[in-house]
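Hi,

Here is the structure I promised to pass on. Have a look at it first, and then read on for what turned up inside.

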Amino acid sequence: MPELPGKGLRGRACSPNVVPVRKRWAGGQLDVRRTPDGVAAAGLTAAARDAARGRLLALAAGLLAASGLVITARNRARSRAGQLADRYALALAQLSADELNVRIGGIRALERVARDSPGHHPAVMEMLAAFIRERSRQPWPPPDPGGQARQRSPQPDVQAAIAVVGHRLAGRDLEPIDLAGADLAGADLTGAVLAGAVLARADLLAATLVRADLSGADLGGARLTGANLDSADLTGADLADADLADADLASAVFTRAELTGALWPADGPIPAGWRRHTGSGQLIAASTGAVRAEAHRPYR
């Protein structure tokens with residue numbers, strides 16, 4: 001049958017009926033329909049819509065999981081902070097206990113708190129330094145009933161605190177260690193890090209300070225009689241009026257140290273730039289006269 005005019009391909013293209021044409025895309029399939037005015041209308045197929053919903057749901061699930069992890073991490077941090085605070089409070093209480101072993105246990109607990117929490121480190125060291133200053137003044141060892149003299153040494157809990165302070169993580173310090181006036185006679189401070197520490201007027205009689213870092217420390221008026229300072233670093237330390245009689249100063253470093261009025265070992269090598277006053281035995285600067293030297297007296 002012959003094709004009617006206007007009913008061919010061109011005629012069908014201009015038909016008012018919408019002609020559906022399917023096109024594929026990366027996420028699914030589009031239904032494309034052309035309206036009589038030439039505007040294309042497109043819609044997602046059910047499969048494409050389901051895929052989009054799936055991706056949105058997966059994204060939402062991922063966000064929920066991430067927020068859950070953040071909340072869990074925050075809760076753990078709060079729990080850990082609370083545990084550290086409890087450990088710190090308990091350890092402080094142990095420092096004032098009557099039993100020696102309990103006090104030592106508190107000192108060890110404080111050491112762990114300071115290592116686990118940089119924020120607690122300064123407070124722990126300040127507390128231990130105060131403990132050393134106060135407890136070290138109590139006589140130890142106890143007097144011998146027979147009246148015989150005993151070699152002085154720190155109480156075991158004081159020595160434990162000294163060990164913690166001397167081997168702390170010094171990089172976390174906010175203030176110098178303050179041991180001014182402490183009685184550390186006979187203390188073992190081998191390898192201790194006491195750079196910048198305040199040890200003015202401290203009693204370090206016969207203390208062991210081998211390889212100790214005392215750079216920049218304040219040892220003004222300190223009693224170091226008979227102390228072992230072999231290989232100790234006293235760079236820039238203040239030893240004015242300190243008593244170093246009979247101290248072992250082998251390989252000790254005194255670069256830029258303040259030694260005015262220090263009572264020096266009779267047979268010890270004198271650092272460059274200093275000389276021993278013939279009358280008092282104290283050190284004076286090589287260019288200083290005797291009058292100034294006589295004005296200084298070592299701490300007793």
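First, a term you'll need: on a 1 Å grid over the protein atoms alone, a cavity is a set of points where a 1.4 Å probe fits but cannot get out, and its lining residues have an atom within 4 Å of a point. Bear in mind that this is a predicted model, where local features need pLDDT of at least 70 and side-chain atom pairs count only at pLDDT 80 or more, while totals for chains, interfaces and linings use all residues. Residues are numbered from 1 along each chain as its sequence is written, and side-chain values use heavy atoms, with hydrogens and water left out.

The whole structure has two cavities of 30 Å³ or more (a volume is the space filled by probe spheres set on the points, which are joined across faces, edges and corners).

The largest holds about 50 Å³. Around it sit Glu-111, Ala-114, Arg-115, His-121, Met-125, Val-164, His-167, Arg-168 and Leu-169. Helix 3 (100-116) gives at least two of these, and so does helix 4 (121-135); helices here are DSSP runs of H or I, at least four residues, numbered from the N terminus. Helix 3 contributes the most, three residues.

The second largest cavity has about 40 Å³ of space. Its lining includes Ile-132, Ile-162, Gly-166 and Leu-194, and helix 5 (residues 156-166) supplies the largest share, three residues.

What about the chemistry? The largest cavity's lining splits into four nonpolar, two polar and three charged residues, whereas the second largest has seven nonpolar, one polar and no charged (Ala, Val, Leu, Ile, Met, Phe, Trp, Tyr, Cys and Pro count as nonpolar, Asp, Glu, Lys and Arg as charged, and the others, Gly among them, as polar).

Cheers

Conventions: On a 1 Å grid over the protein atoms alone, a cavity is a set of points where a 1.4 Å probe fits but cannot get out, and a pocket is an open set with protein on both sides within 12 Å along at least five of seven lines; lining residues have an atom within 4 Å of a point. Helices (H or I, at least four residues) and strands (E, at least two) are DSSP runs, numbered from the N terminus.
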